[in-house]
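User: I'd like to go through this one and ask where the labels come from. Can you take me through the reasoning?

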Amino acid sequence: MEVPAAEPSDETLAARAAAGDDSAFEAIVERYQARVFRLACRLTSDTEAPDVLQDTFLQVYRHLSTFRGDSQFGTWLYRIATNAALMHRRATSRRPSDSLEVYMPQFDADGRHAATPAELQVASCADEMIDRQVLAKKARDVVARLPDLYREAFVLRDLEEMSTAHVAQALGIEPATVRQRVHRARLMLRGYLGELAGAKP
Amino acid sequence: MNHIACETGVDLLMDFLEGVLPAEVNAALETHVAGCERCTAFVASYQATPRIMREATASTLPPDVEASLRAFLRERTTAFNKP
């Protein structure tokens, strides 16, 4: 019986690719292309994502020799992809980001929630109450409306499910800053989902 | 810190869920949420938000985009040049 060879680690592939082994670089592309594309869609749009995908792997190819292994390879690659997405957003002048502040939770003078428990709960069932395709479109649009700093942190932390520590490394900011930005994004998006599903924030 | 308002609880929620709050603040928040119907509902929806957004924004790599990536890298690098 043949024992399947273990998959080489990212770091092994990166070292081989940096030394000029094209098949190792191709394996990296194979391993990460779907994830980078998904990330690019979330950070930019479906139409811009193919360009971001190409830019990302070209940058990876060119800068492999600078990967030092002081962060995980995936974190390093996500940092490149996030920067590529940001450059792209800057290059294609954006619609002005309108404020999502209206979706923040509201409190009375004593600091109590202004909404009722039923109203506060409703965002939890947004995916059951809204048609899947409609929700997919709305969700993409509202993520695009987040301020850039919040979007990056939220997409990496909550949509790509990276740890807060890895997001901090990928974005070059403190973990406390990641938590603050993700928190603000969650509050806005929670209020937005609630309103879509028919409640006050 | 014995008593906190909903608003303070909301401010601390992310830090609470990540387990980075001091023990006594953590305990005060737990006590508040357990006794507050509104906060219980709020926390549930706050925790559901990432999952709902993740599922709604999932996408797969279309074959033509993958083919374009290969062609692009073949042109710009020495990779993907073997038949």
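Analyst: Sure, we'll take the labels one by one; keep in mind that this is a predicted model.

User: Why is the pair B:Arg51 and A:Asp127 called a salt bridge?

Analyst: Their side chains meet at 3.0 Å, N to O. The cut-off for a Lys or Arg nitrogen and an Asp or Glu carboxyl oxygen is within 4 Å, so the label applies. Across the interface of chain A and chain B, the rule finds six salt bridges.

User: Which elements give two or more residues to the side of chain A that touches chain B?

Analyst: Among them are α2 (22–43), α3 (49–63) and α10 (175–196) of chain A. α2(A) gives the most, with 11 residues. By type, the residues on that side split into 29 nonpolar, nine polar and 15 charged.

User: What makes A:Phe73 and A:Trp76 a tilted aromatic pair?

Analyst: The ring centres are 5.6 Å apart, with 35° between the planes. Centres pair within 6.5 Å, and planes under 30 degrees apart would be stacked, over 60 edge-to-face; 35° fits neither, so the pair is tilted. Both residues lie in helix α4 (residues 73–91) of chain A, three residues apart, about one turn of the helix. They also belong to one aromatic cluster with A:Tyr32 and A:Phe67.

User: How do you know whether A:Trp76 is buried or exposed?

Analyst: Its relative accessible area is 13%. Buried means under 20%, so A:Trp76 is buried. A:Phe73 has a relative accessible area of 0%, so A:Phe73 is buried by that cut-off too.

Note on methods
Residues are numbered from 1 along each chain as its sequence is written. Chains are lettered from A and ligands numbered from 1 in the order in which they are written. This is a predicted model: local features need pLDDT of at least 70, side-chain atom pairs count only at pLDDT 80 or more; totals for chains, interfaces and linings use all residues. Side-chain values use heavy atoms; hydrogens and water are left out. Helices (H or I, at least four residues) and strands (E, at least two) are DSSP runs, numbered from the N terminus. Ala, Val, Leu, Ile, Met, Phe, Trp, Tyr, Cys and Pro count as nonpolar, Asp, Glu, Lys and Arg as charged, and the others, Gly among them, as polar. Rings of Phe, Tyr and Trp (its six-membered ring) pair if their centres lie within 6.5 Å; planes under 30 degrees apart count as stacked, over 60 as edge-to-face and the rest as tilted. Buried means under 20% relative accessible area, exposed over 50%, partly exposed in between (1.4 Å probe, protein chains only).
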